[in-house]
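Please open the structure in your viewer and keep the selection tool at hand. The tour proceeds from one selection to the next and describes what is found at each stop.

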Amino acid sequence: MGLPILAVIAGLVLLVWSAERFVDGAAATSRYLGLSPLLIGMLVIGFGTSAPELMVSALAASQGNPGLALGNAYGSNITNIGLILGLVALVAPLAVQSGVLRRELPILCGATLLAAWQLRDGTINTLEAFILLVALAAFIGASIWQGRQSEARQDTLASETDHSLDSHPMSLKVSVIWTLVGLVLLVASSRLLVWGAVDIAEAFGVSDLIIGLTVVAIGTSLPELASSLSALRRGEHDLVLGNVVGSNLFNTLGVVGLAGIITPIQVGGEVMVRDWPVMAVMTLAMTVFAIGIKGRGGRINRLEGGLLLALFVGYTVYLIRLVMLGGA
């Protein structure tokens, strides 16, 4: 048992480090290739911080553990909103000024509802997984079109991304090297993490879904936490929310979609009555807090951040009690 636990710890540490190198390198490389700051913030950084979830879920699905893949994706969404956004808002209230993010939040709610429709029969089959990937491609295409509009280029998310890139200058050669090194280590650390997590689940008789919702989900969300705290220190509030929204969109559509393409995902009834409702409620709460009741721009204050964090803690404690009582 000692070796699998060590593998999980080492895998998580390496995963977080390599993900940060990958995102920093990819963002800088994209800038050299002429991608606008808005698109870098929306796609490269937001989606790039979900690279650990993508790697872990793809490997888990290919090795016959689709429950781990689904748990990782949905658990990461819950962690991103509850632990990361909630914790950051407790440290400093987040003012949401980006019009782009206020338009993306309802899209994330729609993707969450699409997930419920696909879960209704207990299986995410190949066709449904393909629909998720098509929806992701459509979103990326719409984002690229939107990023070319003059109004969008002046969005606060664009200016915050530009400032973030300026604070970490990197030559083209260095950015390409870090992108490649980060990608290779992401694959290696994901393999190590999946092996250890599956062995622990089997040893304790716990479902790989629960392992994915807890240990693996929190671990693969650490890059989002690191980038969010870094953005908060620079006062880049929209970039904090952009990290969470972009990551959750990618998890819901891309991570689950790719895993389902690799192998159909059998979904237990507990996901629809326990895990998806928690993810949906937290997504809706984040949307209402960020947009504001009157739709004129919101502010996620400390009380709202505390509520999100309390929901996450309560959900996690409930899962741990299930494991201790042998109901997982």
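Select Ile261, which is placed in helix α12. The model shown here is predicted. Is Ile261 buried, partly exposed or exposed? Its relative accessibility is 35%, so Ile261 counts as partly exposed. Now display the surroundings of Ile261: leaving aside residues up to four places away in sequence, Ile261 touches Thr126, Ala129, Phe130 and Leu133. Add Leu132 to the selection and compare two distances. Along the sequence, Ile261 and Leu132 are 129 residues apart, while in space their C-alpha atoms are separated by 9.9 Å.

Remain in helix α12 and select Ser247, which also lies there. Ser247 has a relative accessible area of 0%, and is therefore buried. Which residues does Ser247 touch, if those up to four places away in sequence are not counted? They are Gly46, Thr49, Ser50, Asn77, Asn80 and Glu224.

Next, select α3 together with α12. A general remark is useful at this stop: a pair of packed helices is described by the angle between their axes and by the distance between those axes. For α3 and α12, the angle is about 25° and the axes are 8 Å apart. This angle makes α3 roughly parallel to α12. The two helices cross in a right-handed manner. To view the contact, select Glu53, Leu54, Ser57, Ala58, Ala61 and Ser62 on α3, and Phe250, Asn251, Gly254, Val255, Leu258, Ala259 and Ile262 on α12. Of the residues in this contact of α3 with α12, 8 are nonpolar, 4 are polar and 1 is charged.

Keep α3, which comprises residues 51–62, and replace α12 with helix α4, residues 66–91. Here the angle is about 160°, and the axes lie 7 Å apart. Consequently, α3 is roughly antiparallel to α4. The crossing of α3 past α4 is left-handed. On the α3 side, the contact is formed by Glu53, Val56, Ser57, Ala60 and Ala61; on the α4 side, by Pro66, Leu68, Ala69, Asn72, Ala73 and Ser76. The residues of this contact of α3 with α4 comprise 7 nonpolar, 3 polar and 1 charged.

Proceed to helix α11, residues 222–233. How far apart are the end C-alpha atoms of α11? They are 17 Å apart, which agrees with the 16 Å that its 12 residues should span at 1.5 Å a residue. Then highlight the buried residues of α11: Pro223, Glu224, Leu225, Ser228, Ser230, Ala231 and Leu232. Their packing partners are α1 (2–32), α3, α4, β1 (94–95), α10 (208–220) and α12 (237–262). Glu224, one of these buried residues, is also among the residues touched by Ser247.

Continue past the end of α11 to Gly235, which follows this helix and has a positive phi, near 75°.

The final selection is Glu236, found in the loop between α11 and α12. Is Glu236 buried or exposed? Its relative accessibility is 2%, so Glu236 counts as buried. With residues up to four places away in sequence set aside, Glu236 touches Glu160, His163, Ser164 and Ala231. Finally, add Gly246 to the view: Glu236 and Gly246 are 10 residues apart in sequence, and 15 Å apart in space from C-alpha to C-alpha.

Methods: Residues numbered from 1 in each chain as written. Predicted model: local features only at pLDDT ≥ 70, side-chain atom pairs only at ≥ 80, totals over all residues. Heavy atoms only, no water. Axes fitted to C-alpha atoms, helices over the stretch in contact; angles between N-to-C directions. Helix = DSSP H or I, 4+ residues; strand = E, 2+ residues; numbered from the N terminus. Parallel < 35°, antiparallel > 145°, perpendicular 65-115°, else oblique. Left-handed = near helix turned anticlockwise from the far one by under 90°. Contact = heavy atoms within 4.5 Å. Nonpolar A, V, L, I, M, F, W, Y, C, P; charged D, E, K, R; others polar. Expected span 1.5 Å × (residues − 1). Buried < 20%, exposed > 50% of the residue type's maximum accessible area, 1.4 Å probe, protein only.
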